[in-house]
Amino acid sequence: EDMSDIDRWTADWRPAGAGGAPLHPRVTQYLRNGDLLGALRNLRLTAADKYAARLADKMSGMLPNVRVGVVSEATMARIEAVMRPGQTPDPQGAPRGVYIPTPTPEALADLRRQGRDEAADLATQYGGSILLNETSGLDVTTLLHEVSHAVLDRVTRNPSHPLTRKLTTLMSKITPQVPPGFNGAENLQEFVAEGLTNPEFR
């Protein structure tokens, strides 16, 4: 099969820093104003890729109460360093986006018992939020990737949920065949998000 135009086909799905499709200015303005639902509705109308438009439409109707913010590269780097201690920083810079689930009181207490007060403070401040890096995260792929985390978080973090069990089985069959460099092999949350938003991973 002729795959010579694969780069053009996948360009809309690569993060902007990797040559992907930046968000329409109207979508970006909704994000800066903290209106995630408005951003997704406008993404549905402005996305060049029909799959991205359908995914934005579908997920906008499934969103739990989630906040959104556009933050600086420095803020994103600080969040990663505090929330994921010991993680080797990405040579390409701070993460493009992150979804921080709403922490339970038990999780916050556990962080404080471990002496990770700054992590507990950040989890309290940003819990239930999607944060996008203003330098590298304002693209179609990153937004939909983080929204998929928010939509599926409660299911994928519940190991006894029937869908989680099916996805875990699927992941165990697929990840041994995944080439290095794909986040989708990292954990179930990344497996699902990458499966929804990364055609190269699919």
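**Exercise 1.** What percentage of the 202 residues of the protein count as buried?

*Solution.* This is a predicted model, in which local features need pLDDT of at least 70 and side-chain atom pairs count only at pLDDT 80 or more, while totals for chains, interfaces and linings use all residues. Residues are numbered from 1 along each chain as its sequence is written, and side-chain values use heavy atoms, with hydrogens and water left out. Taking buried to mean under 20% relative accessible area (1.4 Å probe, protein chains only), 43% of the 202 residues meet the condition.

**Exercise 2.** State how many helices and strands the protein has, and give their order.

*Solution.* Counting DSSP runs, with helices as H or I of at least four residues and strands as E of at least two, numbered from the N terminus, one finds 10 helices and 3 strands. Along the sequence they follow the pattern α-α-α-α-β-α-β-α-α-β-α-α-α.

**Exercise 3.** Describe how helix H3 packs against helix H4.

*Solution.* Begin with the geometry: H3 (residues 36–46) and H4 (residues 50–60) have axes 8 Å apart, at an angle of about 150°, where axes are lines fitted to C-alpha atoms over the stretch in contact and angles run from 0 to 180 degrees between N-to-C directions. H3 and H4 are therefore roughly antiparallel, a term for angles over 145 degrees.

Next, look at the residues in contact (heavy atoms within 4.5 Å): Leu37, Leu40, Leu43 and Arg44 of H3 meet Ala53, Ala56, Asp57 and Ser60 of H4. These divide into 5 nonpolar, 1 polar and 2 charged residues, with Ala, Val, Leu, Ile, Met, Phe, Trp, Tyr, Cys and Pro counted as nonpolar, Asp, Glu, Lys and Arg as charged, and the others, Gly among them, as polar.

Definitions and conventions. Buried < 20%, exposed > 50% of the residue type's maximum accessible area, 1.4 Å probe, protein only. Parallel < 35°, antiparallel > 145°, perpendicular 65-115°, else oblique.
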